[in-house]
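User: Please take a close look at a single stretch of this chain and describe its surroundings residue by residue. I would like the wider setting first, then the detail, in one connected account.

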Amino acid sequence: MPRPNVRRPLLKLFRVAACLANKTVSRGGLIITVVAVLTKFVGCGLATWGMGLQRMMQVGVGMAPRGEVGIVVAQLGLSLGVISDALYAVVIFMAVATTL
């Protein structure tokens, strides 16, 4: 049985960490995260307009996490060469931050 290649995910982790060390990428990650949470909060909250403020907030906050889909799409984009390492790092930061 062949051994799994452990080096590949570790190299991706270090690339993401190096990109996040860049102030521009970190700032972009924070901005994208805030925009992602606000759009989910407002969009999903408005969809429940007649249910009261508490229910609107519950639905909006409950829909904010978007981790696994963002990570899968970012991984596909990176492997196809469609997105850069910096944009990949921003998407990973946003996915992790909204999931926590």
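Analyst: The protein exposes about 7,200 Å² of accessible surface, and carbon and sulfur atoms supply 72% of that area. These values come from a predicted model, and they are computed from its atoms. Of the 100 residues of the protein, 25% count as buried. The protein has 5 helices and 0 strands, so that, read from the N terminus, the order of elements is α-α-α-α-α. Among contacts between residues at least 6 apart in sequence, 60% join residues at least 24 apart.

The stretch examined here is the loop between α2 (23–47) and α3 (53–62), where Thr48 has its place and where Trp49 is also found. What is the burial state of each of these two residues? Thr48 has a relative accessibility of 10% and counts as buried, because the cut-off for that class is under 20%. Trp49, with a relative accessible area of 62%, is exposed, because that class begins over 50%.

Each of the two can be followed outward from the loop. Leaving out residues up to four places away in sequence, Thr48 touches Arg55, Met56 and Val59. Trp49, for its part, belongs to a nonpolar patch on the surface that also includes Val42 and Leu46, and together these residues have about 350 Å² of accessible area.

Val59 deserves a separate description, since it lies in helix α3 and is one of the residues that Thr48 touches. With a relative accessible area of 26%, Val59 is partly exposed, because this value falls between the limits of 20% and 50%. Apart from residues up to four places away in sequence, Val59 touches Cys44 as well as Thr48. The C-alpha atoms of Val59 and Lys40 are 9.1 Å apart in space, while the two residues are 19 apart in sequence.

On the N-terminal side of the loop is α2, whose 25 residues should span 36 Å at 1.5 Å a residue, and the end C-alpha atoms are indeed 36 Å apart, in agreement with that expectation. The buried residues of α2 include Cys44 and Gly45, and further along the list Val25, Gly29, Thr33 and Ala36. Cys44 is thus both a buried residue of α2 and a contact of Val59.

Thr33, also in helix α2, leads away from the loop to another part of the chain. At 11% relative accessibility Thr33 counts as buried, and, leaving aside its neighbours within four places in sequence, it is in contact with Phe93, Met94, Ala97 and Thr98. Helix α5 covers residues 85–99, and its 15 residues reach 21 Å from the first C-alpha to the last, close to the 21 Å expected. Its buried residues are Tyr88, Ala89, Val90, Ile92, Met94, Ala95 and Thr98, and Met94 and Thr98 are among the contacts of Thr33.

The last point concerns how buried nonpolar side chains are grouped. In soluble globular proteins, nonpolar side chains tend to be buried together. The largest nonpolar core here has 5 residues in all, namely Ala74, Leu78, Ile83, Tyr88 and Ile92. The elements giving two or more residues to this core are α4 (67–80) and α5.

Note on methods
Residues are numbered from 1 along each chain as its sequence is written. This is a predicted model: local features need pLDDT of at least 70, side-chain atom pairs count only at pLDDT 80 or more; totals for chains, interfaces and linings use all residues. Side-chain values use heavy atoms; hydrogens and water are left out. Helices (H or I, at least four residues) and strands (E, at least two) are DSSP runs, numbered from the N terminus. Buried means under 20% relative accessible area, exposed over 50%, partly exposed in between (1.4 Å probe, protein chains only). Contact means heavy atoms within 4.5 Å. The expected span of a helix is 1.5 Å times one less than its number of residues. Patches are made of residues with over 30% relative accessible area and no salt bridge: like charges are joined within 9 Å, nonpolar side chains (Val, Leu, Ile, Met, Phe, Trp, Tyr) within 5 Å. Accessible areas come from the Shrake-Rupley method with a 1.4 Å probe; for residues, only the protein chains shown count as cover. A salt bridge is a side-chain nitrogen of Lys or Arg within 4 Å of a carboxyl oxygen of Asp or Glu. A nonpolar core is a set of buried Ala, Val, Leu, Ile, Met, Phe, Trp, Tyr and Cys residues joined through side-chain atoms within 4.5 Å.
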